Amino acid sequence: KLPVFSRVYPGSVKDVSTLLGMTAFIEKIKLEQMHFVMDKGFYSEKGIAPLLEKYIKFAISVPFSTKVAKELVWDCMDGIGSSANAVMVGENIYYAQTYIKKWNNRRVYYHVYYDEERNIREKKLLMRKVLHLENQLAEGSVSITDSVAKRYFAFHKTKDGHYNIHRKKEVIDSEKRLAGYFVILTNHYKDPQELLEIYRNKDVVEKCFDNLKNGLDYNIISI
């Protein structure tokens, strides 16, 4: 789990572009048996397609901004909490359900995970954010044009020029229902427990890089 090498990209380069560049880079230096483990910032159909085409193994978190992630969660929500779906990673208990689908004539696996503790934590954080924002709107310290405010609230102007604030229950309740769930897409790992163990190890590697760069004040050389 130790870093082998690093390649530095400008901060202005988008994650998706970085992924395409990295795919070309490993071809150039003839690295084989590569396995990309990526967070949801790298997710895009444009980025996934070449990985499938070149048979590069990958695991990537799928954001809930995509239709497929939400639909898979809705589909398994009633039954995923069954004891038959429980898996242990470290000391944590998760519930997992797997869907096999086709993408560009390649078989892929969508693993849906549910974390009960995370469910409670995320719902509390969401409601704290909504209620705090509501108070700020009432006080005038946050404008009704604020993008986050418009996501969670509707505004109706009264005759005297003031605005009535109404919570968007559908939006808030939808986010609450998704709390504690996450989806990982892979073209290799069939076992949801094995995949989650590998995905969690990404954090270990990232912390190693962070320690080398910041904690030990090393100058990491790009090649």
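**A walk through the pockets, strands and core**

Start by selecting α4, which gives the most to the lining of the second largest pocket: five residues. Keep in mind as you go that this is a predicted model.

With α4 coloured, add the others that supply two or more residues to that lining, namely β2, α5 (147-152), α6 (169-178), β8 and α7, with α4 itself running 116-139. To find the middle of the second largest pocket, show Lys-40, Phe-64, Glu-122, Leu-178 and Tyr-181, which lie nearest its centre among 25 lining residues. The space here comes to about 640 Å³. Colour the lining by class and you get twelve nonpolar, ten charged and three polar residues.

Next stop, the largest pocket, with a volume of about 1,600 Å³. Select Phe-5, Val-37, Val-205, Glu-206 and Phe-209: of the 33 residues in the lining, these lie nearest the centre. Now put α7 (192-215) on display along with α1 and β1, since each of these supplies at least two lining residues. The largest share is from α7, with eight residues. By class, this lining has 20 nonpolar residues, eight charged and five polar.

Leave the pockets and go inside. The largest nonpolar core has 31 residues, and the ones touching the most other members are Phe-36, Phe-58, Trp-103, Tyr-110, Val-112, Val-183 and Leu-185. Eight stretches to highlight give two or more residues each: helices α1 (15-28), α2 (45-53) and α3 (67-76), plus strands β1 (35-38), β2 (57-62), β4 (92-103), β5 (106-114) and β8 (181-186). There's also a second, separate core of twelve residues; pick out Val-89, Tyr-94, Ile-184 and Tyr-199, which are among its members.

Zoom in on Tyr-110 and show its surroundings. Leaving aside residues up to four places away in sequence, Tyr-110 touches Tyr-43, Val-62, Val-68, Leu-72 and a run of others, including Gln-97, Trp-103, Val-183 and Leu-185.

Now select the whole of β5. How many of its nine residues are buried? Seven are, so β5 is largely enclosed by the rest of the structure. On one side, look for β4: nine bridges join it to β5, and the two run antiparallel. A handy pair to label is Ile-100 with Tyr-109, which stands opposite in β5. Then bring in β8, also antiparallel to β5 and joined to it by six bridges. Here the pair to label is His-111 and, opposite in β8, Ile-184.

Follow β4 to its end and you reach the turn of the hairpin with β5, where two residues sit between the strands. Asn-104, in this loop, has a phi near 50 degrees, positive although the residue isn't glycine. Asn-105 is in the loop between β4 and β5 too, and its phi is near 65 degrees, again a positive value in a residue other than glycine. Which class of exposure does Asn-105 fall in? It counts as exposed because its relative accessibility is 70%, whereas Asn-104, at 48%, counts as partly exposed.

Last stop: β6 (residues 153-157) and β7 (residues 163-167), an antiparallel pair joined by five bridges. Label Lys-157 and its bridge partner in β7, Tyr-163. The two strands form a hairpin with five residues between them, and in the turn you can click on Gly-161, whose phi is positive at about 90 degrees.

Key: Residues numbered from 1 in each chain as written. Predicted model: local features only at pLDDT ≥ 70, side-chain atom pairs only at ≥ 80, totals over all residues. Heavy atoms only, no water. Core = buried A, V, L, I, M, F, W, Y, C linked by side-chain atoms within 4.5 Å. Buried < 20%, exposed > 50% of the residue type's maximum accessible area, 1.4 Å probe, protein only. Helix = DSSP H or I, 4+ residues; strand = E, 2+ residues; numbered from the N terminus. Contact = heavy atoms within 4.5 Å. 1 Å grid on protein atoms, 1.4 Å probe; cavity = no way out; pocket = protein on both sides within 12 Å on 5 of 7 lines; lining within 4 Å. Points joined across faces, edges and corners; volume = space filled by probe spheres on them. Nonpolar A, V, L, I, M, F, W, Y, C, P; charged D, E, K, R; others polar. Pairing = 2+ DSSP bridges.
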